[in-house]
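Reader: Hey, I've got a protein to look at and I'm new to this. Can we go through it together?
Author: Sure, bring it up and ask away.

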Amino acid sequence: MSQRYRATSAALRDRSALLGVTPPASGRSSPYNSPNPGPSGHRYVDDLEGQNDEALEGLAAKVKLLKDITVGIGNEVRESTVQLSQMNDAFAETSGILAGTFRRMNNMAQRQGCRWLWYILFLVLVFWFFIVVWWFRR
């Protein structure tokens, strides 16, 4: 029984008997590892050079695509910078206008006394009333 077990385990350990000839570890075969190189070795070199040329063309296309993308990103950054600068200027101008308006409103309030506060409160209540009515009618 031990001889039968040894024969079975030896057969299991022999991978070539189980799986046949295994390919190289990378999964690719090379024309230089073939058992029959034959007289057409020059053809294999031409095939490899053709494959290299195709790979170079593919890489060149990818590099061009990446260059186009980076140029587009650069253009977008420049346009965004200009827009942000314009927005900053507009906000600064608006801030100046609001500061002047607030100053004039404070001057008016000091001259009028407390009456203006009741007018503003009344306007806010009327505005709120119309919003509530509109909301419930919807």
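Reader: Okay, random pick to start: is Asp47 buried, partly exposed or exposed?
Author: Asp47 counts as partly exposed, at 36% relative accessibility. Keep in mind that this is a predicted model.

Reader: Got it. What does Asp47 form a salt bridge with?
Author: With Arg43; the closest N and O atoms of the two are 3.9 Å apart. The cut-off for a salt bridge is 4 Å.

Reader: And where do Arg43 and Asp47 lie?
Author: Both are in helix H3, which covers residues 41-112. They sit four residues apart, about one turn of the helix.

Reader: What about Arg43, is that one buried or exposed?
Author: Somewhere in between: Arg43 is partly exposed, with a relative accessible area of 47%.

Reader: Why would side chains like that pair up at all?
Author: Side chains of opposite charge can pair when their charged atoms come close.

Reader: How many salt bridges does the structure hold?
Author: Two. Besides Arg43 with Asp47, there's Asp68 with Lys64, where the closest N and O atoms are 3.2 Å apart.

Reader: How many residues apart are Asp68 and Lys64?
Author: Four, again in helix H3, so about one helical turn separates them.

Reader: Are those two buried or exposed?
Author: Lys64 counts as exposed at 51% relative accessibility. Asp68 counts as partly exposed, at 41%. The line between those two classes is drawn at 50%.

Reader: Switching topic: which residues gather in the patch of negative charge on the surface?
Author: Asp46, Glu49, Asp53, Glu54 and Glu57. Take Glu54 as an example: its place is in helix H3, and it is exposed, with a relative accessible area of 58%.

Reader: Which residues form the nonpolar patch on the surface?
Author: That one is made of Leu65, Leu66, Ile69, Ile73 and Val77. Together they have about 470 Å² of accessible area. Leu65 from that patch is in helix H3.

Reader: Last thing: which residues does the "transmembrane region" annotation cover?
Author: Residues 116-136, according to UniProt, and the entry is an unreviewed one.

Reader: What's that span made of, helix or strand?
Author: In this model, residues 116-136 are 100% helix and 0% strand. The C-alpha atoms at the ends of the span lie 31 Å apart.

Reader: Cool, thanks!

Note on methods:
Residues are numbered from 1 along each chain as its sequence is written. This is a predicted model: local features need pLDDT of at least 70, side-chain atom pairs count only at pLDDT 80 or more; totals for chains, interfaces and linings use all residues. Side-chain values use heavy atoms; hydrogens and water are left out. UniProt positions are given in the numbering used here, feature names are shortened, and annotations may be inferred rather than shown by experiment. Helices (H or I, at least four residues) and strands (E, at least two) are DSSP runs, numbered from the N terminus. A salt bridge is a side-chain nitrogen of Lys or Arg within 4 Å of a carboxyl oxygen of Asp or Glu. Buried means under 20% relative accessible area, exposed over 50%, partly exposed in between (1.4 Å probe, protein chains only). Patches are made of residues with over 30% relative accessible area and no salt bridge: like charges are joined within 9 Å, nonpolar side chains (Val, Leu, Ile, Met, Phe, Trp, Tyr) within 5 Å. Accessible areas come from the Shrake-Rupley method with a 1.4 Å probe; for residues, only the protein chains shown count as cover. Lys and Arg count as positive and Asp and Glu as negative; His and the chain ends are not counted. The place of a charge is taken as NZ of Lys, CZ of Arg, CG of Asp or CD of Glu.
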